[in-house]
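Please read the following paragraphs with the structure open beside them, and look up each residue as it is named.

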Amino acid sequence: MPTMLVLGATSGIAQAAARLFANSGWTLQLAGRDSQRLREVADACGGAPVFPFDALDPASRSALWGLLPSCPDAVLCAVGLLGDQDCACRSPKEALRVMECNFTGLVPVLLQAAEAFEARGAGLIIGLSSVAGDRGRASNYAYGSAKAGFTAFLSGLRARLWGSGVHVLTVKPGYVATGMIAGRRLPSCIVASPERVARDIFRAVHSGQDVLYTPGWWRPLLALYRALPECVAKRLKL
Ligand SMILES: NC(=O)c1ccc[n+]([C@@H]2O[C@H](COP(=O)([O-])OP(=O)(O)OC[C@H]3O[C@@H](n4cnc5c(N)ncnc54)[C@H](OP(=O)(O)O)[C@@H]3O)[C@@H](O)[C@H]2O)c1
């Protein structure tokens with residue numbers, strides 16, 4: 001049975017994905033900050049070991065790989081922090097916290113996974129990025145630029161590992177009904193359920209897709225938005 005390490009396993013999307021993969025015969029290793037909630041997620045998946053992981057704590061992120069009882073076959077990274085954009089665009093400390101949580105703090109463990117998978121000649125790395133990383137927007141450019149960095153990192157890692165038996169899948173969700181956007185007033189037609197996103201991830205894994213927009217209609221929408229000249233995009237103040 002293949003094993004998947006889930007980073008940020010208390011995330012709404014990760015929980016839905018963990019249940020789906022567990023029901024399909026995968027064994028799970030769950031990592032995150034909140035051990036009590038991790039155990040609840042583990043129970044909902046039929047049982048799984050849990051491990052401490054805090055992307056903002058250098059000691060925790062370097063220790064995780066060594067704590068695992070066995071090298072997993074796949075890693076799903078669902079850690080993310082939207083943060084407070086108003087605060088992040090004025091406070092360098094908050095901006096750096098958002099960058100670290102969404103990007104730089106995830107790099108060490110993903111590089112460890114890449115090394116181990118490459119040496120073994122097989123493996124799968126799934127990184128949850130975001131459509132927000134496709135273009136900087138006035139309303140969330142701290143989070144968006146961190147996701148842009150994460151997307152580029154995953155893309156480079158995929159190119160480096162191509163031909164080694166290790167696959168990298170970049171997932172770019174739009175709005176998803178999880179704790180991350182709780183309290184935001186958004187039209188329900190543009191908010192996907194975490195179960196829908198999990199199903200899309202599951203299918204993308206089995207079809208060997210490189211980049212998944214989920215739901216899929218975000219792909220043409222973002223292509224249009226990226227094509228806007230900067231002199232137009234800046235005036236939209238989205
Ligand atoms: N929901 C959306 O609309 C949306 C859209 C695009 C992309 N995404 C991305 O999808 C992924 C999953 O997000 P979600 O929607 O499922 O949101 P979520 O439920 O808020 O999950 C965020 C996860 O990140 C974890 N986390 C935050 N800071 C951490 C840290 N310092 N160290 C370790 N873990 C930390 C949280 O752990 P705790 O439970 O301990 O806080 C939680 O497990 C994220 O990468 C997010 O950026 C979400």
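In this predicted model, Asp200 and Arg196 both belong to helix α8, where four residues, or about one turn of the helix, separate them. Their side chains form a salt bridge, with the closest N and O atoms 3.2 Å apart. Side chains of opposite charge can pair when their charged atoms come close. The two partners are covered to different degrees, because Asp200 has a relative accessible area of 8% and is therefore buried, whereas Arg196, with a relative accessible area of 31%, counts as partly exposed. Elsewhere, Glu115, Glu118 and Arg160 are joined into one network by salt bridges that share partners.

How many salt bridges does a search of the whole structure find? The search finds eleven, and among them is the one in which the side chains of Arg19 and Glu195 meet, at 3.3 Å from N to O. Because Arg19 lies in helix α1 and Glu195 in helix α8, which covers residues 194-207, this pair ties together parts that are 176 residues apart in sequence. Both partners are partly exposed, since the relative accessible area of Arg19 is 30% and that of Glu195 is 36%.

A further salt bridge brings together the side chains of Arg120 and Asp73, at 3.9 Å from N to O. This pair also links distant parts of the chain, with Arg120 in helix α6 (residues 107-120) and Asp73 in the loop between α3 (58-67) and β4 (74-77), the two residues being 47 apart. Arg120, with a relative accessible area of 38%, is partly exposed, and Asp73, at 31%, is partly exposed as well.

Helix α2, which spans residues 35-44, can be followed from its start to what comes after it. At the start of α2, a side-chain oxygen of Asp34 reaches to within 3.2 Å of the backbone nitrogen of Gln36. Within the helix, Leu38, Val41 and Ala42 are buried. Why do they lie on the same side of α2? They do so because the arc that they cover around the axis is only 100°. Among the elements that cover these buried residues are α1 (12-23), β2 (27-32) and β3 (50-52), so that α1, the helix that holds Arg19, appears here again. The face of α2 that is turned away from the buried side carries Asp43 and Ala44, which are exposed. After α2 comes Gly46, which has a positive phi, near 85°.

Another buried position is found in helix α7 (residues 141-161), where Thr151 has its place. Thr151 has a relative accessible area of 15%, and because buried means under 20%, it falls in that class. Leaving aside residues up to four places away in sequence, Thr151 touches Ser129, Thr170 and Lys172.

The last stop is on the surface, where Val232, Leu236 and Leu238 form a nonpolar patch whose accessible area comes to about 230 Å² together. Of these residues, Leu236 lies in helix α10, which runs over residues 230-236. Is Leu236 buried or partly exposed? Its relative accessibility is 42%, and for that reason Leu236 counts as partly exposed.

Technical notes
Residues numbered from 1 in each chain as written. Predicted model: local features only at pLDDT ≥ 70, side-chain atom pairs only at ≥ 80, totals over all residues. Heavy atoms only, no water. Patch = residues over 30% accessible without salt bridge, like charges linked within 9 Å, V, L, I, M, F, W, Y side chains within 5 Å. Areas by Shrake-Rupley, 256 points an atom, 1.4 Å probe, with all protein chains shown as cover. Salt bridge = Lys/Arg side-chain N within 4 Å of Asp/Glu carboxyl O. Buried < 20%, exposed > 50% of the residue type's maximum accessible area, 1.4 Å probe, protein only. Arc of directions from axis to C-beta. Contact = heavy atoms within 4.5 Å. Polar contact = N/O pair within 3.5 Å; in protein donor to acceptor, adjacent residues only side chain to side chain.
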